[in-house]
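I opened the notebook to record what I looked up in this structure. The entries go from the whole chain to one strand and then to the ligand.

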Amino acid sequence: MIIITGINGGIGNYLFNTYFKNGEEIIGTYHLSKPEGEQYKNCVQLDITDNAQVEAFSKNISSPSEKITLINCAGISYNSFAHKSNVEEWVNVINVNLNGTFYLIRGILPTMREQTFGRIINLSSIVAQTGVLGTSAYAASKAGLNGMIKSIALENAQKGITINNINLGYFKVGMINTVPLEMQEKIKSKIAINEFGNPENIFNTIQYIRETPYLTGTCIDLNGGMV
Ligand SMILES: NC(=O)c1ccc[n+]([C@@H]2O[C@H](COP(=O)([O-])OP(=O)(O)OC[C@H]3O[C@@H](n4cnc5c(N)ncnc54)[C@H](OP(=O)(O)O)[C@@H]3O)[C@@H](O)[C@H]2O)c1
């Protein structure tokens, strides 16, 4: 079974529909509004920053749903120079991207440990490793994920559970649409392949992680050769 958060978002929606078309057993979670379409009928509303909601959701995910892959797609960004930033917005980014992702992992791990199998995949960002103006909150939240998985990998390696991040560059769907066009061109000029990524690359990387039990506690850079 595959669990995907943030199915209203560009990447989450692409992954949900790809797995749905492939006939996989899949549960998607949405935040504010349920997407329209028959394929979404079993999707669940979930605010990942609310640990009580996440615990209730996680308790419903139990056997016979085996071989769980959790794909953490939900995320937000906030753009501001640090000295002008709004503290509530800053904290909110940490709450969604780091704390919310952790709540989900914490909630699903007991079932994975019982089943001695699990794949946890978080969508992190190149911004966690490179300086980008105005992204201190986003970068901190994603860098937090990169540290967090090392410990969780160790704790669960003997239970058949792997946890990895994909450090994404810039992709054609989702958050990129909030970036002004002029800035998009500047970003593209730093990508060796010279274009934003197709989400199919994310799907293929997730499949590689799912099928590679020896890969854990690590980050895969998927960025078209960005410098
Ligand atoms: N697209 C890229 O190029 C890129 C690059 C690097 C990393 N990433 C990462 O990839 C992931 C997906 O990105 P995307 O581009 O698809 O973003 P997106 O289109 O902005 O979608 C983000 C999703 O997160 C959901 N979300 C926000 N707050 C939430 C909450 N409190 N509880 C549950 N869900 C919540 C949103 O739902 P609502 O709209 O209903 O709030 C939305 O469905 C993110 O983690 C992002 O940081 C993306």
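The entries below follow the order in which I looked things up.

**Entry 1, the chain.** I note at the start that the model is predicted. I took the secondary structure and found six helices and seven strands. Reading along the sequence, I wrote down the pattern β-α-β-β-α-β-α-β-α-β-α-α-β.

**Entry 2, overall dimensions.** I looked up the extent of the C-alpha trace, which spans about 50 × 40 × 35 Å along its principal axes. I then asked what radius of gyration a compact globule of 227 residues would have. The expected value is near 17 Å, and the chain has 17 Å, so the two agree.

**Entry 3, burial and contacts.** I find 37% of the 227 residues counted as buried. For contacts with a separation of 6 or more, I note that 70% join residues 24 or more positions apart.

**Entry 4, strand β5.** I asked how many residues of β5 are buried. The count is eight of eight, so the strand is largely enclosed by the rest of the structure. I sorted its side chains by direction: Gly118, Ile120, Asn122 and Ser124 point one way, while Arg119, Ile121, Leu123 and Ser125 point the other way. Both sets are buried.

**Entry 5, the partners of β5.** I looked up which strands pair with β5. On one count, β4 (residues 69–72) runs parallel to β5 and is joined to it by four bridges. Within this pair I located Thr69 opposite Arg119. The chain gets from β4 to β5 by way of α3, in a right-handed β-α-β crossover. I also find β6 (residues 161–168) parallel to β5, with eight bridges between them. Here Ser124 of β5 stands opposite Asn167 of β6. With helix α4 (residues 136–156), β5 and β6 form a β-α-β unit that is right-handed.

**Entry 6, the ligand.** I asked which of the 28 residues around the ligand come nearest. They are Gly6, Gly9, His31, Gly75 and Gly174. I sorted the shell by residue class and have 15 nonpolar residues, 12 polar and one charged.

**Entry 7, elements at the ligand.** I looked up which elements supply at least two residues of the shell, and listed α1 (10–21), α3 (87–115) and β5 (118–125). Of the elements, α1 gives the most, with three residues. I note that β5 therefore appears twice in these pages, as a strand with eight of eight residues buried and as a supplier of at least two residues to the shell around the ligand.

Note on methods. Residues numbered from 1 in each chain as written. Predicted model: local features only at pLDDT ≥ 70, side-chain atom pairs only at ≥ 80, totals over all residues. Near = placed C-beta within 6 Å. Nonpolar A, V, L, I, M, F, W, Y, C, P; charged D, E, K, R; others polar. Rg over C-alpha atoms; globule rule 2.2 N^0.38 Å. Buried ≥ 20, exposed ≤ 12 C-beta atoms within 10 Å, placed from the backbone. Contact = placed C-beta atoms within 7 Å. Pairing = 2+ DSSP bridges. Right-handed = clockwise from strand over helix to strand, strands pointing away.
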